[in-house]
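Thanks for coming, everyone. I'll walk you through one model this morning, so please have a look at it before I start.

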Amino acid sequence: MLEALNKINGVLWGTPSLILLFGTGVLLTFMLKGLQFRRLIYAFKLGFTKEGQAGSNDEGDVSNFKALMTALAATIGNGNIAGVATAITLGGPGAIFWMWIVGLLGMATKYAEALLAMKYRVKNANGEYSSGPMYYVERGLGKKFKWLAVAFAIFGAFAALGIGNSVQSNTIAAVMDTSFGINNWITGVILAVLAALIIFGGIQRISTVAGFFVPVMAVLYIGGALIILAVNYDQIIPGFQTIFYYAFNPVAATGGFVGVVVSEAIKNGVSRGIFSNEAGLGTAALIAGNAKTDHPVKQALVAMTGTFIVTIVVCTMTGLVLIMTGFWDTTGGLISGVAHDGSLDGGALTSAAFAHVLGTAGEYIVAFSVIFFGFSTIVGWYVYGEKCFEYLVGTKGIMGYRAIYIFATGIGAVANLTTVWAFADMANALMMIPNLIALILLSKVVVKDTNEFFENHYKAANKQLKNAG
């Protein structure tokens, strides 16, 4: 079965799919006239200042900030630690450049996802808002496309149990065992109990916890990376030069590094970039519709900042640390000569890079980051899974899905998840396809609503602020 799944994934995540993802980002960037660049500062103001606070009459369940933090909690996962390391070891330092490109284009994709989520959201039987690709597929494209919406929901509900849950608890359990000697089953029980306490509190409690976890993660992991960069500030520019050089030039086979051609840098940068920020998978749309706002464009702008934070900030920090310490290449890095036997990969490679500069503290920074990242992903992805499951069976089935999700959290800590990984990868790809079809077909709606906002609401708000000043 595993061999068959790997072959399917080879097709689903092959060049055509990557071109579709990349192409959708290019199309939306062109149609929106580079909105993600022109309006980035305004987007951050909406998300992190009083300018974006919801009014008393705005409809929704949580604030713009909490919606963003919930999405980030699910997105800033262990892929930002292990995924970047894998991209560099397989594609060379130039892969980081292509991660940036796919991230910047992905901001337009995520903007479109969030705008459509807000525009086509509905209220469920509990009085909460439900949104996501299944709703803008059905309501935006019509009943004849309902099968696409159902397909997205089925694969989304399953993917949440796998890559968003069991895989994360397994990773956390491995770190707890290696770093602290805690048995996997004990970790599984603790994670299941904590997840239950949060999940049964509903979207309000989940968003509140996310609002706490994400800043803690940022301080812990990005703070550690910044210390390494500050201590070795003179190597920052050479580090960026290395990224830009190998983005367009092959890496020679030297020492323990096998060498890569430019196409490998592009392939690994694009594929890992997509996995790190999830732009195009439709996951951001599953939480965006819960935000309180007076216009869909505002939440869409806030949502796209998440892609910037994940790819341009977090992934860049990880990449620079790996490049500067030389742990991407057994022949040595920029800070000092480094030699390892080539057995390290993924998160272990990032941990070794941090420890090389910060000692034991560096190891613990990565260890605790994996724990925080993993648990926040479990909590954040639950929202995604619930929204998909609710679309299929209604609100009455949610309690059953919660029980299954919590069980998967516990069992994932002790299970062999090779097959689960493969099936979850397939589910992610099958989520992506109907979502991208909808984004392309509804792209004119996105452009129309965007133009309407900036020609009317945005200008009126600025005029009001000037008069008040």
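Let's begin with a charged residue. Is Glu-138 buried or exposed? Glu-138 is buried, because its relative accessible area is 14% and the cut-off for buried is under 20%. Keep in mind that this is a predicted model.

What does Glu-138 pair with? Its side chain meets that of Lys-143 in a salt bridge, at 2.7 Å from N to O. Now look at the partner. Lys-143 is exposed, with a relative accessible area of 62%. So this bridge has a buried acid and an exposed base.

Next pair. Glu-386 and Arg-402 also form a salt bridge, 3.5 Å from N to O. Glu-386 sits in helix α17, residues 360–393, and Arg-402 sits in helix α18, so the bridge ties together parts that are 16 residues apart in sequence. Here both partners, Glu-386 and Arg-402, are buried. Back to Glu-138 for a moment. Salt bridges with shared partners link Glu-138, Lys-143 and Lys-146 into one network.

Third pair. Lys-7 and Glu-3 meet in a salt bridge at 3.8 Å, N to O. Both of these residues are exposed. Why do they line up? An α-helix has 3.6 residues a turn, so residues three or four places apart point the same way. Lys-7 and Glu-3 are four residues apart in helix α1, residues 2–12, so about one helical turn separates them.

How many salt bridges are there in total? The count comes to six.

On to cysteines. The structure holds zero disulfides. Two cysteines to look at are Cys-315 and Cys-388. Cys-315 has 1% relative accessibility, so it counts as buried. Cys-388 is buried too, with a relative accessible area of 0%.

Now the helices. Start with α9, residues 146–180. Its 35 residues should span 51 Å at 1.5 Å a residue, and the end C-alpha atoms are 49 Å apart, so the two values agree. Where does α9 bend? The bend is at Ala-159, and is about 40°. Right after α9 comes Gly-181, with a positive phi near 70°.

Then α11, residues 202–231. This helix has 30 residues. From first C-alpha to last it reaches 43 Å, close to the expected 44 Å. There is a kink here as well. It is about 25° and is centred on Gly-223.

While we are on backbone angles, find Lys-33. Its phi is near 55°, which is positive in a residue other than glycine. Where does Lys-33 lie? It is in the loop between α2, residues 15–31, and α3, residues 35–38. Lys-33 is exposed, at 67% relative accessible area.

Now turn to the surface. There is a nonpolar patch of about 940 Å². Among its residues are Trp-185, Ile-186, Phe-407 and Val-414. Two elements give two or more residues to the patch: α10, residues 184–199, and α18, residues 398–412. Which helix gives the largest share? That is α10, with seven residues.

Take one residue of the patch, Ile-190. It lies in α10. Ile-190 is partly exposed, with a relative accessible area of 45%. Now compare another residue of that helix. Ile-199 is also in α10, yet at 0% relative accessibility Ile-199 counts as buried. Ile-199 has a distant partner in sequence. Its C-alpha is 9.5 Å from that of Gly-380, and the two are 181 residues apart along the chain.

One last contact of that kind. Lys-444 is in helix α20, residues 443–468. At 68% relative accessibility, Lys-444 counts as exposed. The C-alpha atoms of Lys-444 and Met-31 are 8.3 Å apart, with their positions 413 residues apart along the chain.

To recap. The salt bridges include a buried pair, Glu-386 and Arg-402, and an exposed pair, Lys-7 and Glu-3. α9 bends at Ala-159, and α11 has its kink at Gly-223. The nonpolar patch draws its largest share from α10. That's my tour; over to you.

Definitions and conventions:
Residues are numbered from 1 along each chain as its sequence is written. This is a predicted model: local features need pLDDT of at least 70, side-chain atom pairs count only at pLDDT 80 or more; totals for chains, interfaces and linings use all residues. Side-chain values use heavy atoms; hydrogens and water are left out. The expected span of a helix is 1.5 Å times one less than its number of residues. The bend at a residue is the angle between axes fitted to the seven residues ending there and the seven starting there. Patches are made of residues with over 30% relative accessible area and no salt bridge: like charges are joined within 9 Å, nonpolar side chains (Val, Leu, Ile, Met, Phe, Trp, Tyr) within 5 Å. Accessible areas come from the Shrake-Rupley method with a 1.4 Å probe; for residues, only the protein chains shown count as cover. A salt bridge is a side-chain nitrogen of Lys or Arg within 4 Å of a carboxyl oxygen of Asp or Glu. Buried means under 20% relative accessible area, exposed over 50%, partly exposed in between (1.4 Å probe, protein chains only). A disulfide is a pair of cysteine sulfur atoms within 2.5 Å.
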